Amino acid sequence: MKIFSALYEWTLKWAEHKLAPRVLAMLTFAESVFFPIPPDVLLAPMVLAKPKKAWFYATLTTTASVIGGVVGYLLGYFMFDAWIQPIITEVGYQDKMDHAMAWFEQWGIWVVFLAGFTPIPYKVFTLSAGVLQMLFIPFLIASFIGRGMRFFLVAGLIQWGGEKMEQKLRQWVDVIGWSLVAIIAFAYVVYIA
């Protein structure tokens with residue numbers, strides 16, 4: 001089934017839309033606070049569609065992500081006990097929150113940098129930084145560096161790969177998509193067992 005090919009084509013067409021940068025900023029902001037889908041899924045096709053705007057898109061994504069991170073920090077700082085803790089408990093994320101808190105106690109500011117750069121859920125660490133009342137300026141600097149490195153790396157690689165990469169992605173998108181589904185399903189089964 002060529003579900004991923006159709007989705008890929010749709011995403012590339014949408015990435016050229018005049019409102020795409022606004023949607024990218026909103027998606028990125030939301031991902032830093034609560035949304036589960038990383039902004040890379042829109043950033044990459046937008047850079048493929050308009051390679052000359054790669055650095056603009058990376059800057060937009062970084063800025064929106066850090067602003068979302070600040071909102072997450074403030075939620076953790078001011079509203080954790082009243083609003084956030086009950087939601088975390090309800091959706092079953094308490095163990096993730098406990099791990100994040102333990103990592104903060106052990107690694108401090110480096111955890112924010114690591115969460116900003118890697119696929120580790122950044123939102124969990126922004127809330128944790130607020131709950132633990134981490135110094136705001138170091139939090140902000142680590143967020144800008146971590147998130148910036150990630151999004152500029154993605155934009156740069158996509159711009160560098162250019163048309164050749166786009167053709168290879170188009171050729172292999174269904175195989176990659178179904179492979180990811182299989183890996184996620186396998187990981188879920190292992191996690192449950």
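The following exercises, with worked solutions, concern the salt bridges of this predicted model.

In this predicted model, local features need pLDDT of at least 70 and side-chain atom pairs count only at pLDDT 80 or more, while totals for chains, interfaces and linings use all residues. Residues are numbered from 1 along each chain as its sequence is written, and side-chain values use heavy atoms, with hydrogens and water left out.

**Exercise 1.** Determine which residues Glu31 is linked with in a network of salt bridges.

*Solution.* A salt bridge is taken as a side-chain nitrogen of Lys or Arg within 4 Å of a carboxyl oxygen of Asp or Glu, and the whole structure contains three of them. Glu31 pairs with Lys123 at 3.7 Å, N to O, and with Arg147, where the closest N and O atoms are 2.6 Å apart. Because Glu31 lies in helix α2 and Arg147 in helix α8 (residues 136-192), this pair ties together parts that are 116 residues apart in sequence; helices are DSSP runs of H or I with at least four residues, numbered from the N terminus. The network therefore consists of Glu31, Lys123 and Arg147.

**Exercise 2.** Decide whether Lys123 and Glu31 are buried or exposed.

*Solution.* Buried means under 20% relative accessible area, exposed over 50%, and partly exposed in between (1.4 Å probe, protein chains only). Lys123 has 14% relative accessibility, so Lys123 counts as buried, and Glu31, at 5%, is likewise buried.

**Exercise 3.** Locate the salt bridge of Asp40 with respect to helices.

*Solution.* Asp40 meets Arg150 at 2.7 Å, N to O. Asp40 lies in helix α3 (residues 40-49) and Arg150 in helix α8, so the pair ties together parts 110 residues apart in sequence. Both Asp40 and Arg150 are buried.

Terms used. Helix = DSSP H or I, 4+ residues; strand = E, 2+ residues; numbered from the N terminus.
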